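Trainee: Please pick one part of this structure and take me through it closely. After that, carry on to the other local features.

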Amino acid sequence: MKFCSECAHPVSLQVPPDDNRPRYVCTQCGTIHYQNPKMVIGSIPVWEQDGETRILLCRRAIEPRYGFWTLPAGFMENEETTTEAAMRETFEEAGARVELHELFSLLNVPQVHQVHLFYRATLLDLDYQAGTESLEVALFTEAEIPWNDIAFPTVGVTLKYFFEDLARIRSSGGSYAFHSRDVRKPMRQPD
Ligand code: ZN
């Protein structure tokens with residue numbers, strides 16, 4: 001940040017009185033510009049058929065990570081809820097209509113000032129198509145997922161948790177859990 005959004009004068013990075021970390025403070029009007037983490041929200045669109053569980057992934061048509069695969073997700077907008085954001089991003093990136101279920105994962109990514117949330121979801125039909133931010137959209141079984149070409153660590157972590165839960169549910173019943181963890185580079189495997 002270089003200029004004040006209130007008066008357009010230059011800002012300087014300094015610790016305001018009674019604060020404990022540097023903020024961008026306007027040199028003219030004194031406005032303190034607080035910066036806080038952004039929410040990235042997405043879904044895990046599931047399609048069950050012939051005893052197989054498939055997940056809908058999008059191949060990114062934009063940077064960062066052009067050409068890599070991701071769950072549909074993006075920045076939450078003002079004046080929408082987290083579930084609205086998940087459904088909107090799923091439709092914008094994958095052209096897919098889903099029924100949302102419980103929140104499945106919450107990943108803190110402190111080094112990039114983000115919190116990522118993913119909801120489990122059921123695809124309502126197979127009438128999906130790549131949005132402008134996707135090169136292609138496709139369904140994958142666990143074995144088919146391009147694990148080495150996943151765009152973001154939080155997506156890989158979420159997919160690993162999902163298929164671990166699915167295997168446990170198939171072998172011994174139960175239900176999906178909620179998974180929360182911090183994701184720092186370099187990526188570590190789920191605990
Ligand atoms: Zn100012």
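Mentor: We start at the metal site and work outward from there.

This is a predicted model: local features need pLDDT of at least 70, side-chain atom pairs count only at pLDDT 80 or more, and totals for chains, interfaces and linings use all residues. Residues are numbered from 1 along each chain as its sequence is written, and side-chain values use heavy atoms, with hydrogens and water left out.

Look at the zinc ion. Its ligands are the SG atoms of Cys 4, Cys 7, Cys 26 and Cys 29, at 2.3 to 2.4 Å. Donors here are N, O and S atoms within 2.8 Å of the metal (3.2 Å for Na, K and Ca); water is not among the atoms, so sites may look incomplete. The angles at the zinc ion run from 99 to 119 degrees, which makes the four-donor arrangement tetrahedral. That label requires all angles to lie between 85 and 135 degrees. Along the chain, the zinc donors follow the spacing C-x2-C-x18-C-x2-C. Cys 4 sits in the segment before strand 1 (11–14), and Cys 29 sits in the loop between strand 2 (23–26) and strand 3 (32–33), so this pair ties together parts that are 25 residues apart in sequence. Helices (H or I, at least four residues) and strands (E, at least two) are DSSP runs, numbered from the N terminus.

The two cysteines differ in exposure. Cys 4 is buried, at 5% relative accessible area. Cys 29 is partly exposed, at 41%. Buried means under 20%, exposed means over 50%, and partly exposed is in between (1.4 Å probe, protein chains only).

Now the sheet with these strands. Three strands form an open sheet in the order 1-2-3, with antiparallel pairing. Strand 1 and strand 3 are its edges, each pairing on one side only. Strands 1 and 2 pair through four bridges, in the antiparallel sense. Pairing requires at least two DSSP bridges between two strands. One link leads back to the metal: Val 11 has Cys 26, in strand 2, as its bridge partner, and Cys 26 is one of the zinc donors.

Ala 8 also lies in the segment before strand 1. Its phi is near 70 degrees, a positive value in a residue other than glycine. Ala 8 is exposed, at 55% relative accessible area.

Next come two backbone details further along. The peptide bond from Glu 63 to Pro 64 is cis, with omega near -5 degrees. Pro 64 belongs to the loop between strand 5 and strand 6 (69–70). Glu 79 is not a glycine, yet it has a positive phi of about 70 degrees. It lies in the loop between strand 7 (73–75) and helix 1. Glu 79 is exposed, at 84% relative accessibility.

Then the charged pairs. There are nine salt bridges in the structure. Each one is a side-chain nitrogen of Lys or Arg within 4 Å of a carboxyl oxygen of Asp or Glu. Take Arg 59 and Glu 136: their closest N and O atoms are 2.8 Å apart. Arg 59 lies in strand 5 (residues 52–60) and Glu 136 in strand 10 (residues 134–140), so the bridge ties together parts that are 77 residues apart in sequence. Both ends are partly exposed: Arg 59 at 24% and Glu 136 at 33%.

Arg 88 and Glu 92 bridge at 3.3 Å between the closest N and O atoms. Both lie in helix 1 (residues 82–94), four residues apart, about one turn of the helix.

In Glu 102 and Arg 120, the closest N and O atoms are 2.6 Å apart. Glu 102 lies in strand 8 (residues 98–109) and Arg 120 in strand 9 (residues 114–123), so the bridge ties together parts that are 18 residues apart in sequence. Glu 102 is exposed, at 51%, whereas Arg 120 is buried, at 16%. Back at Arg 88 and Glu 92, shared partners join them with Glu 80 and Glu 89 into one salt-bridge network.

We finish in strand 9, with His 116. This residue is buried, at 7% relative accessible area. Its side chain makes polar contacts with the side chains of Gln 114, at 2.7 Å, and Thr 154, at 2.8 Å. A polar contact is a pair of N or O atoms within 3.5 Å; within protein, one must be able to donate a hydrogen and the other to accept it, and residues adjacent in sequence count only if both atoms are side-chain atoms. Leaving out residues up to four places away in sequence, His 116 touches Val 40, Ser 105, Leu 106, Leu 107, Val 109 and Thr 154. Touching means heavy atoms within 4.5 Å.

Terms used:
Tetrahedral: all angles 85-135°; square planar, octahedral: opposite > 155°, others 65-115°.
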